[in-house]
Amino acid sequence: MHLARFPRVSLAHLPTPLEHLPRLSEHLGGPQIWVKRDDCTGLASGGNKTRKLEFAMAAALAAGADTIVTVGAVQSNHVRQTAAAAAKLGLACEVLLENRIGEPSDVYAESGNVLLDRLFGAALHRYPGGTDFAAEMEAHAERIRGGGGTPYIIPGGASNAVGALGYVNCAMELLAQANERGLVIDHLVTATGSAGTQAGLAVGLRATHSRVPLLGIGVSAAQALQERKVFELAEETAELIGAPDVVSREDVVANCDYVGEAYGVPTPEMNAAILTLARLEGILFDPVYSGKALAGLFDLVRRGFFAGASNVVFLHTGGSAALFAYADQLAFD
Ligand SMILES: *Cc1c(COP(=O)(O)O)cnc(C)c1O
């Protein structure tokens, strides 16, 4: 595996820190908890999409694109990071926003990531939940071509094989950090949504023969669907790096017990986990992804899922900009 073979633009502040959380570890009373700070990737206040965009944006530039077309939920962190990357590279950015929340408040519809998308100059187009976005993005691209432009479509979450290369890279970066400090990683835990993060990590961990088990904590789909999505993308990613079959189905494990009512709908456990991290470690997590994954981590520690493990690394995928959009839905005591 040799990632330098793939076009890449530098967008992220790398390597991101690997930090020990002693106060949280003591509080939970299980293994030592470490956090891989991909909330600190730098661009547009950080997050996991920036690593993927280093490869996706390079592919767009190689294709001669002048306009990026992408999609996300209203409070999408992917859209925020894509809008910023497009601005930095001098590309236009057309965004299809999906309302996945029944009756969004004004704060949800306009603050947080949406405010930042507009700041970065992205053109926002709003659609109801359940729209056929593959078709809508294609129609959008066609209109751009009709006007003489060259569009490039980046799928939701930049979760295709090209984007997932960013997390193949992250797996290698994390292992290098752990090897340097003599830290044996017994488990790696991450939020999983559009699947690129977990798929890329699964490929990277396997291709390096790390034997680090990876657990995705789902934030939207049910387990069978989520695991299938991750595994299919992992297979495509493995193929792309020239290591087909490096990932097997058993390497893809997702726990989807912490979604709550639906994607983007707060749960009391998420709320509590966000407060715990803020008050014990001074770190911000988000209500949609990292907060729910963290709630899962807490519960799994309590249930003894990590029994016998000394060190668990939680990949912090970012998203704190969304906190502002959820200001009226979080409890602070
Ligand atoms: C997109 C996102 C995720 C999920 O990553 P996927 O690659 O889409 O599975 C997790 N956390 C945050 C904050 C995100 O924005």
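**Disulfides**

I looked for disulfides in this predicted model and counted zero. A disulfide is a covalent bond between the sulfur atoms of two cysteines. I then checked C40, which is in no disulfide. The nearest cysteine sulfur belongs to C170 and is 12 Å away. The cut-off for a disulfide is 2.5 Å between the sulfur atoms, so the pair C40 and C170, at 12 Å, does not qualify.

I also looked up how much of two cysteines is accessible. C40 has 31% relative accessibility and counts as partly exposed. C93 has 6% and counts as buried. The cut-off explains the labels: buried means under 20%, and partly exposed lies between that and 50%.

**Salt bridges**

I searched the whole structure for salt bridges and found 13. I wrote down three of them, starting with R8 and E54.

The closest N and O atoms of R8 and E54 are 2.8 Å apart. R8 lies in the segment before β1 (18-20), while E54 is in helix α2 (residues 49-62). The two are 46 residues apart in sequence, so their salt bridge ties together separate parts of the chain. Is E54 buried or exposed? E54 is buried, at 2% relative accessible area. Its partner R8 is partly exposed, at 39%.

Next I took E173, which forms a salt bridge with K36. Here the closest N and O atoms are 2.6 Å apart. Where do the two residues lie? I found E173 in helix α7 (residues 161-180) and K36 in strand β2 (residues 32-37). This pair therefore ties together parts that are 137 residues apart in sequence. Both E173 and K36 are buried.

The third entry is R145 with E138, a salt bridge with an N to O distance of 3.5 Å. R145 is partly exposed, at 40% relative accessibility. E138 is partly exposed as well, at 37%.

Which residues are joined into one network by salt bridges that share partners? I noted K36, D38, R51 and E173.

**Surface charge**

Last, I looked at charge on the surface. A patch of negative charge is formed there by E232, E235, E236, E239 and D245. I followed up one of these residues, E235, and placed it in helix α9 (residues 223-240). E235 has a relative accessible area of 39% and is partly exposed. A residue needs over 30% to belong to a patch, so E235 passes that cut-off at 39%.

Notes. Residues are numbered from 1 along each chain as its sequence is written. This is a predicted model: local features need pLDDT of at least 70, side-chain atom pairs count only at pLDDT 80 or more; totals for chains, interfaces and linings use all residues. Side-chain values use heavy atoms; hydrogens and water are left out. Patches are made of residues with over 30% relative accessible area and no salt bridge: like charges are joined within 9 Å, nonpolar side chains (Val, Leu, Ile, Met, Phe, Trp, Tyr) within 5 Å. Accessible areas come from the Shrake-Rupley method with a 1.4 Å probe; for residues, only the protein chains shown count as cover. A salt bridge is a side-chain nitrogen of Lys or Arg within 4 Å of a carboxyl oxygen of Asp or Glu. Lys and Arg count as positive and Asp and Glu as negative; His and the chain ends are not counted. The place of a charge is taken as NZ of Lys, CZ of Arg, CG of Asp or CD of Glu. Helices (H or I, at least four residues) and strands (E, at least two) are DSSP runs, numbered from the N terminus. Buried means under 20% relative accessible area, exposed over 50%, partly exposed in between (1.4 Å probe, protein chains only).
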